[in-house]
Amino acid sequence: MYYDLSSGMICHAASEIFGLTIPADSSLGIDYHIQSLQQGQLNYMVCLPSLLPRLERHCLEKDIPPESFNLRNIFVVGELFSENFCNHYENVFNSRLVNMYASTELGLVASECHHHNLHVWEDFFHTEVIDSDTAEPCEDGATGELVITALQREALPLIRYNTQDLVEMHKSPCECGHPGTYLSSIKGRRDNMFTINGGNIYPIALENIITAIDGFSSFCRCIIEKIDAHDCLTFKVETRDDIDEQEAKHLAQLLYSRLTSSDITLRLIFRGLESASRLDIQILQPGAISLKSGKIKNNISQVDSHT
């Protein structure tokens with residue numbers, strides 16, 4: 001199953017070269033995918049991470065145990081996800097989640113080992129990590145923007161292409177024994193960072209907090225409004241199961257508590273918004289955000305308005 005167009009097509013073509021059977025693609029709908037998984041007893045699945053909550057919900061609605069698919073590995077690509085998200089869906093599907101790094105311009109660049117490090121395919125790509133402010137190379141293990149040069153491209157040669165993905169690069173051998181360059185999990189994108197109440201936030205930081213709370217899915221939406229020159233935030237978070245009003249109130253209080261007991265930046269931002277009555281946390285029922293098919297972004301939108 002392939003949900004990311006460019007890297008999905010590359011996976012599809014490579015799979016056919018190896019003689020693998022491709023039973024489904026993204027245009028056929030969730031019911032067809034479940035049917036293929038049940039009937040085909042497939043070994044592997046390639047998908048966006050956001051497909052997994054949809055599969056889980058449909059399985060619950062149809063009383064189908066997700067582990068009955070007997071998937072050995074689920075290869076995920078195209079979206080960021082937290083460690084809690086990974087652990088949850090490995091348990092749900094009784095399968096290992098394998099992260100892959102790809103981009104529309106370059107295709108598949110790196111894949112994950114058992115130690116959750118992304119190993120670059122160095123025969124095809126040269127990678128660098130540069131400082132966001134100076135554009136100078138970062139020291140080994142420092143966070144910066146990932147820059148990639150394609151070594152074997154002909155139709156679209158890319159030299160020092162800045163992905164704007166924030167990552168750490170390590171040149172020492174990985175614990176898995178691979179001797180080449182490896183990357184940490186992607187921490188976020190420079191252009192995804194947003195500023196509110198004087199602080200900078202990356203969406204993955206919020207997702208790490210949300211997915212650590214039992215009952216939430218990984219889908220959220222932040223709406224930032226400028227009212228009388230002040231930032232106001234509406235924070236909408238989707239639950240994994242249907243809940244009543246009392247449970248929603250409890251989850252909202254728990255989320256606020258976690259947001260204000262995490263790192264100092266988030267603590268100052270959310271306490272400041274709450275004390276000025278400029279924070280609205282809304283708990284939504286399953287599917288309120290995630291029903292849209294295809295590639296999901298935990299949405300952040302900014303609106304200018306006045307009172």
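**Group meeting: strand β8 and the α5/α6 pair**

Okay, let's start at Arg160, which you'll find in the loop between β7 (143-150) and β8. Before I go on, remember that this is a predicted model. The backbone at Arg160 has a phi near 50°, so a positive value in a residue that isn't glycine. As for its surroundings, Arg160 is partly exposed, with a relative accessible area of 45%.

Now step into the strand. β8 covers residues 161-170, and Gln164 lies in it. Here's another positive phi outside glycine: Gln164 comes in near 65°. Gln164 is partly exposed too, at 28% relative accessible area.

Staying with β8, what about His170, buried or exposed? With a relative accessible area of 18%, His170 falls under the 20% cut-off, so it counts as buried. Its side chain makes a polar contact with the side chain of Glu168, at 3.4 Å. And which residues does His170 touch once we leave aside neighbours within four places in sequence? Those are Asp140, Gly141, Gly180, Thr181 and Tyr182.

Right, on to the helices. I'd like to look at α5, residues 203-211, and α6, residues 245-259. They pack at an angle of about 130°, and their axes are 10 Å apart. How do we label that angle? Roughly antiparallel would need over 145 degrees, so α5 and α6 are oblique to each other. The crossing of α5 past α6 is right-handed.

Who's actually meeting whom? From α5 we have Leu206, Ile209 and Ile210, and from α6 they meet Leu255, Arg258 and Leu259. Sort the residues of that contact by type and you get five nonpolar, one charged and no polar. On the spacing, keep in mind that an α-helix has 3.6 residues a turn, so residues three or four places apart point the same way.

How covered is α5? Mostly: seven of its nine residues are buried. The buried set includes the three that face α6 in that contact, Leu206, Ile209 and Ile210. Pro203, Ile204, Glu207 and Thr211 are buried as well.

Last thing, zooming out to the chain. We have seven helices and 16 strands. Out of 307 residues, 47% count as buried. And if you take contacts with a separation of 6 or more, 60% of them are between residues 24 or more positions apart.

That's my tour, over to you.

Technical notes
Residues numbered from 1 in each chain as written. Predicted model: local features only at pLDDT ≥ 70, side-chain atom pairs only at ≥ 80, totals over all residues. Heavy atoms only, no water. Helix = DSSP H or I, 4+ residues; strand = E, 2+ residues; numbered from the N terminus. Buried < 20%, exposed > 50% of the residue type's maximum accessible area, 1.4 Å probe, protein only. Polar contact = N/O pair within 3.5 Å; in protein donor to acceptor, adjacent residues only side chain to side chain. Contact = heavy atoms within 4.5 Å. Axes fitted to C-alpha atoms, helices over the stretch in contact; angles between N-to-C directions. Parallel < 35°, antiparallel > 145°, perpendicular 65-115°, else oblique. Left-handed = near helix turned anticlockwise from the far one by under 90°. Nonpolar A, V, L, I, M, F, W, Y, C, P; charged D, E, K, R; others polar.
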